[in-house]
Amino acid sequence: DAVYLFPESEGVALYVGRIQSAFADCRPGASDAHCIEVRWFEHVKNLDPTIRGARYEREVLELEDSDVNPIGCLAGPAVVFRARSFEEAEVMAQGTSGEWLFCRGVFNPATNSF
């Protein structure tokens with residue numbers, strides 16, 4: 001499931017990720033007993049601030065990066081459509097209330113492709 005996550009710093013936009021797993025950290029001294037493994041999305045607009053327009057406000061790249069976070073960082077559900085283009089995502093989003101994002105796939109930075 002796609003989710004929004006609170007950033008560590010105030011005034012920063014919410015992060016977007018996909019929950020890979022949820023588990024209890026039972027190690028002695030663990031600071032957070034309930035954890036989630038999150039695979040990250042990155043907003044295209046964050047990668048190139050010169051890009052403007054609605055399509056780029058909604059586009060995210062799914063990254064191969066993941067890490068473990070406390071369950072308390074969850075801000076709420078996110079709607080992320082897997083689509084080849086903004087126009088395809090718009091069709092998929094018809095009838096969706098609230099904000100939605102779209103992703104072309106898992107981004108491979110070594111090849112600069114999906």
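Strand pairing, cysteines and the largest pocket in a predicted model

At a relative accessibility of 28%, Tyr 56 counts as partly exposed. The model described here is a predicted one. Tyr 56 belongs to helix H2, which covers residues 54–58. Its C-alpha atom and that of Phe 86 are separated by 8.6 Å, although the two residues lie 30 positions apart along the chain.

Phe 86 also belongs to a helix, H3 (residues 86–93), through which the chain crosses from strand E6 to strand E7. Strand E6 spans residues 80–82 and runs parallel to E7, to which three bridges join it. Within this pairing, Val 80 stands opposite Leu 101 of E7. The resulting β-α-β crossover, from E6 through H3 to E7, is right-handed. Strand E7 (residues 101–106) is also joined to strand E4 (residues 59–70), again by three bridges and in parallel orientation. Here, Glu 59 has Phe 102 of E7 as its bridge partner.

The cysteines were examined next. A search of the whole structure finds zero disulfides. A disulfide is a covalent bond between the sulfur atoms of two cysteines. For Cys 73, the closest cysteine sulfur is that of Cys 35, at 9.3 Å; this is too far for a bond, because a disulfide requires the two sulfur atoms to be within 2.5 Å. Cys 103 is likewise in no disulfide, and the nearest cysteine sulfur, in Cys 73, is 20 Å away. Cys 73 is buried, with a relative accessible area of 12%. Cys 103 is buried as well, and its relative accessible area is 0%. Both values fall under the 20% limit for a buried residue.

The remaining results concern empty space at the protein. Rolling a probe the size of a water molecule over the atoms shows where such space is left. The largest pocket holds about 200 Å³. Its lining includes a run from Val 12 through Ala 13, Leu 14 and Tyr 15 to Val 16, together with Trp 40, Phe 41, Glu 42 and His 43. Lys 45, Asn 46 and Leu 63 also line this pocket. Three elements give two or more residues each to the lining, namely strand E2 (15–24), strand E3 (34–43) and helix H1 (44–47). Strand E3 supplies the largest share, four residues. By class, eight of the lining residues are nonpolar, two are polar and two are charged.

Methods
Residues numbered from 1 in each chain as written. Predicted model: local features only at pLDDT ≥ 70, side-chain atom pairs only at ≥ 80, totals over all residues. Heavy atoms only, no water. Buried < 20%, exposed > 50% of the residue type's maximum accessible area, 1.4 Å probe, protein only. Pairing = 2+ DSSP bridges. Right-handed = clockwise from strand over helix to strand, strands pointing away. 1 Å grid on protein atoms, 1.4 Å probe; cavity = no way out; pocket = protein on both sides within 12 Å on 5 of 7 lines; lining within 4 Å. Points joined across faces, edges and corners; volume = space filled by probe spheres on them. Nonpolar A, V, L, I, M, F, W, Y, C, P; charged D, E, K, R; others polar.
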